[in-house]
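Load the model in a viewer and keep the selection panel open. The tour moves through a few selections in turn.

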Amino acid sequence: MSGLGAERPERIASVADQVAAIALKAPATAVHFLGERAVFVGSEKTCTLAAPDGTPQPVTVTDGAILCTVSDGMRVVLGCDDGRVVSLDADAAVTTLATDAKRRWIDCVALHKDGTLAWSAGKTAFVRGRDGAEKSWEAPSTVGGLAFAPKGVRLAVAHYGGATLWFPNMTAKPERLDWAGSHLGIAFSPDGRFVVTAMHEPALHGWRLADGRHMRMTGYPARVKSMAWCGGGKLLATSGADCLILWPFGSKDGPMGKEPMMLAPLTTRVSCVAAHPTQDILATGYEDGTVLLVRLPDGAEILARERDGDAIAALGWSASGETLALATEGGAAGLLKIV
Amino acid sequence: MSDAVSAEKIPVTVLTGYLGAGKTTLLNRILSENHGKRYAVVVNEFGEIGIDNDLVVGADEEVFEMNNGCICCTVRGDLIRILGGLMKRKGRFDAIIVETTGLADPAPVAQTFFVDEDVQKHARLDAVVTVADAKWLSERLKDAPEAKNQIAFADVIVLNKTDLVSPDDLAEVEGRIRAINPYARLHRTERCRVELADVLERNAFDLDRIVDLEPDFLNPGDDHDHDHHGHDHDHDHHHRGHSSHGHGGMKHYHDEDMQSLALKSEAPLDPVKFMPWLQGLVAKEGQKILRSKGILAFKDDDERYVFQGVHMMLEGDHQRPWRDGEQRLSRLVFIGRDLPEQAIRDGFTACIAAS
């Protein structure tokens with residue numbers, strides 16, 4: 001470790017003074033963009049829409065906690081502890097999409113590009129297609145994560161003991177990917193060749209779908225809570241270490257037998273990563289409140305937020321890539337225009 | 001865990017007990033009593049409902065193996081998820097109560113608080129409270145290993161339905177409990193009428209609260225044995241400082257497979273020998289050791305060192321300076337199944353520092 005966190009030996013370029021603060025009533029746990037409006041998702045009750053000029057508009061979406069969230073850029077979908085799946089659009093309209101019959105917690109949500117929606121409550125994963133038809137599948141344990149494949153309607157369900165690929169519109173038996181342990185976050189590689197889970201232990205696990213070959217990605221000091229594909233879909237950036245970890249997925253073997261790239265080391269852990277939608281730039285948030293914009297592959301850094309001890313909870317780019325939204329665990333939030 | 005830190009963390013009380021012992025009665029008492037505290041309650045989905053509270057969450061009791069698949073590293077996966085979700089509503093409640101099924105092993109629940117970083121950040125395990133049925137516990141201890149686990153694991157035992165048994169039978173069931181776990185606080189109750197201060201906010205897993213390691217019936221303590229409803233069966237003779245068992249009303253039993261083992265040394269210990277021995281012991285025998293606790297006096301160290309453990313998980317720290325005139329006595333307690341007593345005693349003796 002280079003000890004950069006304590007005192008940076010060289011001054012790096014900073015745009016931290018250009019972050020426009022957004023006043024939130026409560027800390028945000030996630031951030032999305034609907035057009036050029038940022039949506040800061042609170043931990044309970046409220047989401048806050050923020051116009052490009054920073055004007056906040058709080059919107060009540062539930063009486064309870066917001067447990068999970070996903071967005072396709074058109075709407076934000078929220079899973080709540082009152083058993084409802086709710087959507088919020090750019091006009092601040094709130095719509096209840098589904099209500100669990102037993103009012104169980106909605107633990108996970110996922111959205112397909114074509115508008116198909118998935119959510120889970122306990123062990124049950126639900127899918128609702130654009131035609132409104134609803135199907136469900138019982139996982140062997142509580143669902144830890146949901147992700148749609150980039151092509152076709154295929155849902156990856158993370159659970160205890162591995163993950164399962166389910167084709168809701170086909171009668172084919174779901175395809176089971178085994179690996180001991182508890183699997184939480186889950187993602188397909190953008191080319192659809194790999195599935196990666198973030199485990200409860202500080203590790204990722206991956207499968208090459210063509211032959212089910214395993215990829216163990218270990219060495220993290222903490223659990224991986226944030227993942228982002230970047231570098232044209234050939235790199236997987238993650239949190240969980242004291243630097244930005246990038247696993248190479250470009251070759252046919254993925255990261256098998258390879259070391260990850262490690263960039264932007266600080267003396268604190270990375271808590272959040274977000275890939276720029278068009279350029280090879282990663283917004284990287286740290287537990288000490290630092291945000292760095294890290295360029296691939298050379299690792300050049302620009303400081304986007306000075307450390308203040310308030311851990312970064314969420315980062316998100318607008319679809320145009322012109323605005324970065326950031327939020328801290330303590331409730332600070334801001335928008336940074338990159339033009 | 002210092003007081004300053006633990007004060008901010010949400011205390012979690014684990015309520016165990018065999019089916020029908022009175023867990024739901026106790027839970028409803030806790031929730032209905034006018035104490036000004038707000039509780040979030042985690043109940044098992046298969047249990048009785050009938051709980052009147054704003055924040056009730058159903059759990060699935062999913063026991064997950066961590067890391068190498070060692071059974072000592074099992075955690076409650078559903079609990080990690082639920083506590084994470086509840087923390088999103090922090091500020092809506094002051095404490096959490098986790099009710100387990102009668103068949104549950106308390107160890108994965110407790111280990112969840114040792115293993116999971118996020119759980120540790122926001123919550124702390126306060127105590128394991130076991131409700132036992134005075135009429136049926138003796139039977140259950142014979143035929144249900146879960147019942148024995150729950151007694152062995154407990155910090156607090158609520159011995160309920162004492163009005164349904166004779167004084168002799170009560171003495172017998174207490175004897176059986178003490179044979180397994182002499183250290184838990186034991187309260188005799190009818191319909192779970194116990195002072196809530198005796199079951200909540202116990203700080204039983206707080207290293208700072210490891211004060212002494214005397215068996216409970218040798219502690220004529222202030223918070224011991226509340227009989228609030230005129231049902232004293234002249235139990236006072238339990239409270240005097242008998243150094244051995246079998247006197248007065250206290251029957252002595254030896255449980256065939258679950259015991260406690262107490263070790264003591266007036267001579268200081270050598271930390272260079274003791275730490276590897278303790279870690280090796282729990283690594284090797286951790287499956288058998290349910291709970292462990294210790295207060296240690298190390299050679300050339302003016303501070304008390306305290307530790308506690310659940311199976312293979314240990315945590316320890318310097319607690320405070322030894323006081324002037326305080327006897328620098330090292331004490332260790334193990335509660336477990338088929339403990340290799342002689343090997344543990346020999347290993348401990350070998351850790352005494354050369355004078």
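The stops below cover a strand, a helix and then a contact between two chains of this predicted model.

**Stop 1: strand β2 of chain B**

Select residues 39–44 of chain B, which form strand β2. Is this strand enclosed or open? Six of its six residues are buried, so the rest of the structure largely encloses β2(B).

Show the side chains next. In a regular strand, side chains alternate between the two faces of the sheet. Here B:Y39, B:V41 and B:V43 point one way, while B:A40, B:V42 and B:N44 point the other way. Residues of both sets are buried.

**Stop 2: the neighbours of β2(B)**

Add residues 95–99 of chain B, strand β6. β2(B) and β6(B) run parallel and are joined by four bridges. To find one of these, pick B:V41, whose bridge partner in β6(B) is B:I97.

Now add strand β3 of chain B, residues 55–59. How many bridges join β3(B) to β2(B)? There are five, and these two strands also run parallel. Centre on B:V42 to see B:V57 of β3(B) opposite.

**Stop 3: helix α3 of chain B**

Select residues 77–87 of chain B for helix α3. Nine of the 11 residues are buried, which leaves the helix mostly covered. Colour the buried set: B:G77, B:D78, B:L79, B:I80, B:I82, B:L83, B:G85, B:L86 and B:M87.

**Stop 4: chain B against chain A**

Display both chains and select the residues in contact: 20 from chain B and 26 from chain A. The size of an interface is often given as the accessible area lost when the parts come together. For chain B and chain A the buried area is about 1,900 Å², with carbon and sulfur atoms giving 45% of it. In chain B, pick B:R81, B:K88 and B:R89, which lose the most area to chain A and together make up 31% of what that side buries.

Turn to the polar terms. Between chain B and chain A there are nine salt bridges. One of them joins the side chains of A:R269 and B:E117, at 2.8 Å from N to O. The two chains also have 14 residue pairs in polar contact, counted with both residues at pLDDT 80 or more.

Which elements of chain B give two or more residues to the side that touches chain A? They are β4 (63–65), α3 and α5 (117–122). α3(B) gives the most, with five residues. By class, this side of chain B has seven nonpolar, two polar and 11 charged residues.

Key: Residues numbered from 1 in each chain as written. Chains lettered and ligands numbered in written order. Predicted model: local features only at pLDDT ≥ 70, side-chain atom pairs only at ≥ 80, totals over all residues. Heavy atoms only, no water. Buried < 20%, exposed > 50% of the residue type's maximum accessible area, 1.4 Å probe, protein only. Contact = heavy atoms within 4.5 Å. Buried area = accessible area lost by both parts, 1.4 Å probe. Salt bridge = Lys/Arg side-chain N within 4 Å of Asp/Glu carboxyl O. Polar contact = N/O pair within 3.5 Å; in protein donor to acceptor, adjacent residues only side chain to side chain. Nonpolar A, V, L, I, M, F, W, Y, C, P; charged D, E, K, R; others polar. Pairing = 2+ DSSP bridges.
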